[in-house]
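The following note sets out several points on the model for a colleague's consideration. Please read them alongside the sequence and the coordinates.

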Amino acid sequence: MAKVIKESVGKILDSLVVTEAAKTHFRQLLKREDVLGMNLRVKISHPETAHAEVSVTFCPQGEEEVTDIPFDFEDFTLFIDGDSKGALEAATIDFKEDKVGGQLSIKAPFLKGRAPATESPLQERVQFVIDSEINPNLASHGGRVAITEILQKPEGFVVVLQFGGGCHGCGMAGVTLKHGIERTLKEKFSEIVEIRDATDHTTGEDPYC
């Protein structure tokens, strides 16, 4: 078990990239905090799920967790929450400047989990795209979709979806389906020929539009 843990830690140490812009940003944060021995800690809530969220917080000296993975830089340490290491494998932590100052950017290919293998059932592969791409976009409108069923026809597969939340009863649901969801799924899965909406939009209680 110890060997497995060591290999896992080594994997993230080798694959996580913290850019010079991000390190400069972190140094500025710590300088403003002006506390001797202060460091930073990265944690992901609900790692490798559709609800994964990244947070960076101050970490006073000695308050890191024993399972944290330390990234030691010249004048500070960035601790990675041990439970978040899988989601941060091959991630890049960067800082993008803009007109209002800038924003920390964390690109992590495994943040919301790992895509099923190409030989996995179609429903599993479609579900992953819905969880990792489609529903996070719909969440800004308080909406979501769920797979009702997948039908197989001679010409290919038909994915039947149920809209919920702010998308249930929304007058733009058809546009979202055709120009957003259908386009995304057809681009990723050539075997899909149609996306259908099984929702009765007349019963929506809190539509976005």
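Which residues of H3 are buried? The points below take up this question after a word on conventions.

1. Conventions. This is a predicted model, in which local features require pLDDT of at least 70 and side-chain atom pairs pLDDT 80 or more, whereas totals for chains, interfaces and linings use all residues. Residues are numbered from 1 along each chain as its sequence is written, and side-chain values use heavy atoms, with hydrogens and water left out.

2. Helix H3. The buried residues of H3 are Leu122, Arg125, Val126, Phe128, Val129, Ile130, Ser132, Ile134, Asn135 and Leu138. Buried denotes under 20% relative accessible area, exposed over 50%, and partly exposed in between (1.4 Å probe, protein chains only). Helices (H or I, at least four residues) and strands (E, at least two) are DSSP runs, numbered from the N terminus.

3. Kink and Ser132. H3 has a kink of about 45° centred on Ile130; the bend at a residue is the angle between axes fitted to the seven residues ending there and the seven starting there. Ser132, also in H3 (residues 122–138), counts as buried at 16% relative accessibility. A polar atom of its side chain lies 2.7 Å from the backbone oxygen of Phe128.

4. Nonpolar cores. The largest nonpolar core (buried Ala, Val, Leu, Ile, Met, Phe, Trp, Tyr and Cys residues joined through side-chain atoms within 4.5 Å) has 21 residues, and Phe26, Leu78, Ile80, Leu88 and Ile93 have the most contacts inside it. At least two residues of this core come from each of helix H2 (20–33), strand E2 (39–45), strand E4 (69–72) and strand E5 (77–80). A second, separate core of 18 residues includes Leu161, Ile181, Leu185 and Ile192.

5. Open sheet. Three strands form an open sheet in the order E1-E6-E7, with mixed pairing; two strands pair if DSSP finds at least two bridges between them. Strand E1 (17–18) and strand E7 (103–107) stand at the edges with a single partner strand each, so one side of each lacks a neighbour in the sheet. Strand E6 (residues 92–96) and E7 run antiparallel and are joined by 5 bridges; one of these partnerships links Thr92 with Lys107.

6. Positive phi. Two residues other than glycine merit inspection. His46, in the loop between E2 and strand E3 (53–59), has phi near 55° and is exposed, with a relative accessible area of 51%. Glu48 is found in the loop between E2 and E3; its phi is about 60°, and at 35% relative accessibility Glu48 is partly exposed.

Notes
A polar contact is a pair of N or O atoms within 3.5 Å; within protein, one must be able to donate a hydrogen and the other to accept it, and residues adjacent in sequence count only if both atoms are side-chain atoms.
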